[in-house]
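Here are my notes for you, written as I went through the model. Have it open beside you as you read.

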Amino acid sequence: MSITFFVKNKKKFLVGLAPVMSVEEALRLVPNLSQYADEDDEEFDAEGFYGAKLSELDCLVAGTDGLSGRGFEIGYEDGAYNVRIVTPSTRTDWKIALEYLKNLAIKMDSEIVSEDGEKFSAQNIESFNYEPDIRAGLEAIEQNLQKEAQISTIYGIRNEVSFDKKIMARILGAKDPAGEFSKFVTDIQNLDAYFANQMFYRRNDSGEIIGQYVLSQDVVTVLPFEPSVEYKNLQMLGDEKVARWKIAIFGGEGDDEEKYEILATLKYESFIQNLPKDKYEFIDAKNIVVSAFSKAEFDALIAKCGKEGLAD
């Protein structure tokens with residue numbers, strides 16, 4: 001579910017349409033706008049990415065650090081720019097996207113047309129009533145949970161957000177459900193914590209696929225309470241199933257991280273069962289934030305898991 005708006009490219013006298021904006025140019029239309037490609041990837045080419053034309057990308061996910069929850073998508077196709085806001089998005093996502101559309105329409109000297117043909121101008125687009133779309137999105141999540149799903153997950157600018165019936169009941173029962181949803185999603189995007197990445201490898205002896213996380217000493221970390229393959233990794237694994245999950249405990253004596261090592265690799269279920277309850281709390285229906293561990297606390301946790309908790 002989403003709503004998309006279109007703005008035709010500016011016409012140039014005698015030469016057709018104006019050149020398509022680059023990523024860098026597109027991000028200048030609203031102050032403090034950022035993009036959310038994975039710049040930490042070793043293969044990320046920043047110069048090539050920011051210099052690329054929007055027409056060369058599937059879409060550009062944009063938003064404002066500290067304010068955006070899900071951001072919005074910017075693209076270019078068939079002589080027009082398109083701005084897509086997913087359902088449900090936060091109020092701030094909508095406000096930034098509508099400001100973007102206003103500035104885009106001014107720059108292109110063009111009207112704004114919604115996917116259902118409704119026309120807007122730069123002068124009135126910011127009055128677009130997006131509240132019904134947020135409500136419809138929240139109702140869709142609730143209906144999904146009532147029918148079959150135990151957990152329903154959406155994706156933010158940085159991190160996924162998972163809902164269950166209890167969380168949705170709290171949001172929908174609030175005086176301002178859209179505001180409660182917006183705060184919940186945005187807060188998770190801005191947690192001062194490291195969101196652990198899933199890693200996978202195949203065992204040489206059995207051919208099984210093993211899923212693994214790493215928990216590092218002195219690092220506040222977000223981990224799943226019950227791991228499952230994230231959406232972004234489904235295509236990579238294809239039909240392969242994860243046989244079991246592990247977590248590597250990484251740390252050491254002193255403050256020299258270069259001397260840290262894997263202290264133990266634990267079965268994930270044993271790790272969760274023995275994780276002290278005062279060391280974690282749920283941030284949504286799926287994920288927990290784990291407080292930073294010292295070396296001594298790691299040693300105690302590993303001892304508590306025992307030999308039966310060690311992964312082979």
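The points below take the cores, one buried residue, a hairpin and a helix pair in turn.

1. A word of caution before the details: this is a predicted model. Please read every residue named below in that light.

2. Let's start with the inside. The largest nonpolar core has 58 residues, and the ones touching the most other members are Phe5, Leu54, Phe72, Tyr100 and Phe163. Helix 3, residues 91–108, is the top contributor to this core, giving nine residues. There is also a second core, separate from that one, with 21 residues, among them Trp245, Ile247, Ile249 and Tyr268. As background, nonpolar side chains in soluble globular proteins tend to be buried together.

3. Which residues does Leu54 touch, once those up to four places away in sequence are set aside? The list runs to Val20, Met21, Ser22, Val23, Ala26, Leu60, Ile74, Tyr76 and Tyr81.

4. Ile74, one of those partners of Leu54, sits in strand 6, residues 72–77. Is Ile74 buried or exposed? Its relative accessibility is 1%, and buried means under 20%, so Ile74 counts as buried. Skipping neighbours within four places in sequence, Ile74 contacts Leu54, Cys59, Leu60, Ala62, Asn82 and Tyr100. The C-alpha atom of Ile74 is also 9.0 Å from that of Asp58, with the two positions 16 residues apart along the chain counted as their separation.

5. Now the hairpin. Strand 10 (residues 152–155) and strand 11 (residues 160–163) run antiparallel and are joined by four bridges. The hairpin they form has four residues between the strands. Across the pair, Tyr155 stands opposite Glu160 of strand 11.

6. Strand 10 has two unlike faces: Ser152 and Ile154 lie on the covered one, while Thr153 and Tyr155 lie on the uncovered one. In a regular strand, side chains alternate between the two faces of the sheet. So Tyr155, the residue opposite Glu160, belongs to the uncovered face.

7. Last, the helix pair. How do helix 4 (residues 131–147) and helix 5 (residues 165–172) cross? Their axes come within 10 Å, at an angle of roughly 145 degrees, and the crossing is left-handed. Helix 4 brings Leu138, Ile141, Glu142, Leu145 and Gln146 to the contact, and helix 5 brings Lys165, Met168, Ile171 and Leu172. By type, the residues in this contact are six nonpolar, one polar and two charged.

Notes
Residues are numbered from 1 along each chain as its sequence is written. This is a predicted model: local features need pLDDT of at least 70, side-chain atom pairs count only at pLDDT 80 or more; totals for chains, interfaces and linings use all residues. Side-chain values use heavy atoms; hydrogens and water are left out. Axes are lines fitted to C-alpha atoms, for helices over the stretch in contact, and angles run from 0 to 180 degrees between N-to-C directions. A crossing is left-handed if the near helix is turned anticlockwise from the far one by less than a right angle, and right-handed if clockwise. Contact means heavy atoms within 4.5 Å. Ala, Val, Leu, Ile, Met, Phe, Trp, Tyr, Cys and Pro count as nonpolar, Asp, Glu, Lys and Arg as charged, and the others, Gly among them, as polar. Buried means under 20% relative accessible area, exposed over 50%, partly exposed in between (1.4 Å probe, protein chains only). Two strands pair if DSSP finds at least two bridges between them. A nonpolar core is a set of buried Ala, Val, Leu, Ile, Met, Phe, Trp, Tyr and Cys residues joined through side-chain atoms within 4.5 Å.
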